[in-house]
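Colleague: I'm new to this one, so could you walk me through a few spots in it?
Modeller: Sure, let's pull it up and take them one at a time.

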Amino acid sequence: MNVRDLLDALGDPAAAETFSAALHDPLLAIDVPDAASAAGLAMIVDPSRSVTDLRALPCVTVLVVPDPAVFAGAGHVPLILGDVLLTDDPDAPRPYVTPVDGSAGGLAALRTTAAANPLAAAALALLLRSAEGLDVPAGLVAESATYSTLQAGAEFTRWRATRPPRPADATGDRVRTERDGDVLRVTMTRAARRNALDATMRDALTEAFARAAADPTVALELHGDGPDFCAGGDLDEFGTRPDPAVGHLTRLTRSPARLLHGVARRATAHLHGACLGAGIELPAFAGRVVAAPDTSIGLPEVSLGLVPGAGGTVSLPRRIGRQRTAWLGLSGRRLDAEQALRWGLVDEVQGRIAST
């Protein structure tokens, strides 16, 4: 959609009916090819110009900006209005994303994800918008509430039906803690399941992080055994709690994310292999994140009809901004160690430190 048509549409008090993931297309793509279009978008933030606030539309909003220079002098307009900002400029700074296949290829990837799970896609965009500016505890509450809502939805129910859960695996320890002087080393030890985070591991991490929080003299190091740091939550446990409301309160009661945030200045996470879902959401809370060259990062939850539920909508935006977080969650694409370093999602790759 071009900016002029968008301005006309937003003049309708019922614009939310037209741009709603629940009723129509879950993704609104806005072309911003020149300075005149950029100036038109700036008018949207003027309440005297538009009846409907673009930021309130219940859909994913993507700005396609081939050259970010068109926004020179427009201030924070693109930051305010776009859930994802796509460009073809390889040197574009945060919050822009330059897909390897260009803005057209990136937009196609976003449309594919949104079409498959429109409610989850829109929920993620709305969550990231509304949580911007919240402190960590409030952000975790908002994320958990959204996650629980989607667990009761049709998209997650459809995914769960295609993947019946296997019997719970109650064997073996999930976490190893080792104290060496002033260092507390915490290692996930479920290598046979790629360190998939189940309730038992969550509780063990909560206990380990609480131990670090209780002793301000220790530095915390987080590791994962085996070829992968953590491939995300244990899919066999997804949706198996008594009801979403109980799950919501349980996530807030036993929250490794909250505790890790509390010791962030003393925490270093060491990533390698697959770091998916919880496998990047949790370590992103650490004050320092070191990645091996083979690190591969992704947020696959929308493909399950969910949003990140281990703190990712809180931790990642604090490192890379909400627009790049939305790209990871909505594109289905992975981020390698080099790109994560350039974005600031990790602080070091095998001895090379991110530029500031």
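Colleague: Which side chain of opposite charge is nearest to Glu-281, and how far away is it?
Modeller: Bear in mind that this is a predicted model. Glu-281 sits in helix α12, which covers residues 278–281. Glu-281 is buried, yet it has no salt bridge. A salt bridge needs the two charged groups within 4 Å, and the nearest side chain of opposite charge is 9.5 Å away, in Arg-251.

Colleague: Then which backbone nitrogen does the side chain of Glu-281 reach at 3.4 Å?
Modeller: Glu-281 touches a run of residues further along the chain, including Pro-308, Gly-309, Ala-310 and Gly-311. A polar atom of its side chain lies 3.5 Å from the backbone nitrogen of Gly-309. The one at 3.4 Å is the backbone nitrogen of Gly-311.

Colleague: How many disulfides are there?
Modeller: Take Cys-230, buried at 2% relative accessible area, and Cys-275, buried at 0%. The closest cysteine sulfur to that of Cys-230 is in Cys-275, 7.8 Å away, so they are too far apart for a bond. With a cut-off of 2.5 Å between sulfurs, the count comes to 0.

Colleague: And Pro-58, how far is it from Ala-121 in space, C-alpha to C-alpha?
Modeller: Pro-58 lies in the loop between α3 and β2, and is partly exposed, with a relative accessible area of 24%. Its contacts include Phe-19, Ala-122 and Leu-126. Pro-58 and Ala-121 are 63 residues apart in sequence, but in space their C-alpha atoms are separated by 9.9 Å.

Note on methods
Residues numbered from 1 in each chain as written. Predicted model: local features only at pLDDT ≥ 70, side-chain atom pairs only at ≥ 80, totals over all residues. Heavy atoms only, no water. Helix = DSSP H or I, 4+ residues; strand = E, 2+ residues; numbered from the N terminus. Buried < 20%, exposed > 50% of the residue type's maximum accessible area, 1.4 Å probe, protein only. Lys, Arg positive; Asp, Glu negative; His and termini not counted. Polar contact = N/O pair within 3.5 Å; in protein donor to acceptor, adjacent residues only side chain to side chain. Contact = heavy atoms within 4.5 Å. Lists of a residue's contacts leave out its neighbours within four places in sequence.
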